[in-house]
Amino acid sequence: MVVIIVLVVLAALVLPFIGGHITQSNRTPGDTPVGTPSDSSDCSVLCAEWDQRRLERCQAEAAAAAAQRTVDNLRSDLAVATGVAIVLAASAAAATLIPVIGYAVAAVLAVAAGAALLAAEFILGELAAAGSTLTHAEQRAAAARQAEADARTRLIQTCGDKANACLSRPGPC
């Protein structure tokens with residue numbers, strides 16, 4: 001009997017986390033690919049390639065910023081859910097001191113505290129998935145910045161002074 005109770009408690013603690021992780025994983029948008037350099041030595045092709053890498057960098061940095069906002073929001077939600085669970089648990093403990101109906105009130109508050117704890121665990125699962133997404137988005141943004149720098153270097157080295165017209169154009173973001 002004790003084993004069954006332990007398994008039920010463990011399932012109650014683990015399943016919300018897994019559910020939150022799966023839910024957040026399904027919300028993750030697709031990646032924006034970072035292009036590969038061409039073999040061309042044509043300045044107009046290299047300029048277009050540099051423009052494309054700048055656009056990819058903008059998109060990757062925007063995705064990383066959105067992922068960071070998601071993580072920040074989930075951290076805030078987790079703090080609120082945890083705080084609510086703590087307050088409800090403390091209220092349940094205090095309610096036991098009320099004569100006659102104290103244990104009934106404490107039971108209701110304890111159930112509410114358990115629900116808040118499950119919500120916090122669900123959010124924790126979402127936060128874990130969002131953290132992975134953020135790490136991946138930051139890596140993509142770093143790769144996009146490097147690809148942009150490489151395209152700019154190829155443009156300057158190949159085209160020399162002809163590259164100035166391309167380099168003077170405003171960025172896409």
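# A tour of the salt bridges, cores and disulfides

Start with the charged pairs: there are eight salt bridges in this structure. Keep in mind as you click around that this is a predicted model. The chain has a mean pLDDT of 85, with 79% of its residues at 70 or more. If you colour by confidence, look at two helices: α1 (residues 2-27) has the lowest mean pLDDT among the elements, 67, and α2 (residues 43-95) has the highest, 93.

**Stop 1: charged pairs along α2**

Select R54 and D51. They form a salt bridge, and their closest N and O atoms are 3.1 Å apart. Why are these two about one helical turn apart? Because they sit three residues from each other in helix α2. Buried or exposed, which is R54? With 8% relative accessibility, R54 counts as buried, since the cut-off for buried is under 20%. D51, at 23%, counts as partly exposed.

Next, pick R57 and E61. This salt bridge has its closest N and O atoms 3.0 Å apart. Both residues belong to helix α2, and the four-residue spacing is about one turn of the helix. R57 counts as buried at 15% relative accessibility, while E61 counts as partly exposed at 27%.

Now move along to R75 and D72. Here the closest N and O atoms of the salt bridge are 3.9 Å apart. The two are separated by about one helical turn because they are three residues apart in helix α2. D72 is partly exposed, with a relative accessible area of 38%. Then go back to R57 and E61 and add R145 and E148 to the selection: salt bridges with shared partners join these four residues into one network.

Before leaving the charged residues, show R53, which is also in helix α2. What joins the side chains of R53 and E56? A polar contact of 2.7 Å. R53 is buried, with a relative accessible area of 7%.

**Stop 2: the nonpolar cores**

Switch to the greasy side chains. In soluble globular proteins, nonpolar side chains tend to be buried together. The largest nonpolar core here has 15 residues, and the members that touch the most others are V71, L74, L78, I123 and L127. Which elements give two or more residues to this core? Those are α2 and α3 (102-159). The largest share, eight residues, comes from α3.

For a close look, centre on V71. Leaving out residues up to four places away in sequence, V71 touches L127, A130, G131 and L134. Then select L46, C47, C159 and A163, which are among the eight residues of another core that lies apart from the largest one.

**Stop 3: the loop between α2 and α3**

Show V100, which lies in the loop between α2 and α3. What is its phi? V100 has a positive phi of about 70°, although it is not a glycine. Most residues other than glycine have a negative phi. V100 is exposed, with a relative accessible area of 84%.

**Stop 4: the disulfides**

Select the cysteines as sticks. How many disulfides does a search of the whole structure find? Three. Counting bonded cysteines along the chain, they pair as 1-4, 2-5, 3-6.

Take C43 and C159 to begin with: their sulfur atoms are 2.1 Å apart. The link is left-handed, with -125° about the S-S bond. It connects distant parts of the chain, C43 in helix α2 and C159 in helix α3, 116 residues apart. C159 counts as buried at 7% relative accessibility.

Then go to C47 and C166, with sulfur atoms 1.9 Å apart. This link is right-handed, with 95° about the S-S bond. C47 is in helix α2 and C166 in helix α4 (residues 163-167), so the pair ties together parts 119 residues apart in sequence. Both ends are tucked away: C47 is buried with a relative accessible area of 10%, and C166 counts as buried at 6%.

End at C58 and C173, where the sulfur atoms are 1.9 Å apart. This link is left-handed, with -65° about the S-S bond. C58 sits in helix α2 and C173 in the segment after α4, so distant parts of the chain, 115 residues apart, are linked. Turn on the surface and compare the two ends: C58 counts as buried at 10% relative accessibility, whereas C173 counts as exposed at 65%.

Terms used:
Residues are numbered from 1 along each chain as its sequence is written. This is a predicted model: local features need pLDDT of at least 70, side-chain atom pairs count only at pLDDT 80 or more; totals for chains, interfaces and linings use all residues. Side-chain values use heavy atoms; hydrogens and water are left out. pLDDT is the predictor's confidence in each residue, from 0 to 100. A nonpolar core is a set of buried Ala, Val, Leu, Ile, Met, Phe, Trp, Tyr and Cys residues joined through side-chain atoms within 4.5 Å. Buried means under 20% relative accessible area, exposed over 50%, partly exposed in between (1.4 Å probe, protein chains only). Contact means heavy atoms within 4.5 Å. A salt bridge is a side-chain nitrogen of Lys or Arg within 4 Å of a carboxyl oxygen of Asp or Glu. A polar contact is a pair of N or O atoms within 3.5 Å; within protein, one must be able to donate a hydrogen and the other to accept it, and residues adjacent in sequence count only if both atoms are side-chain atoms. A disulfide is a pair of cysteine sulfur atoms within 2.5 Å.
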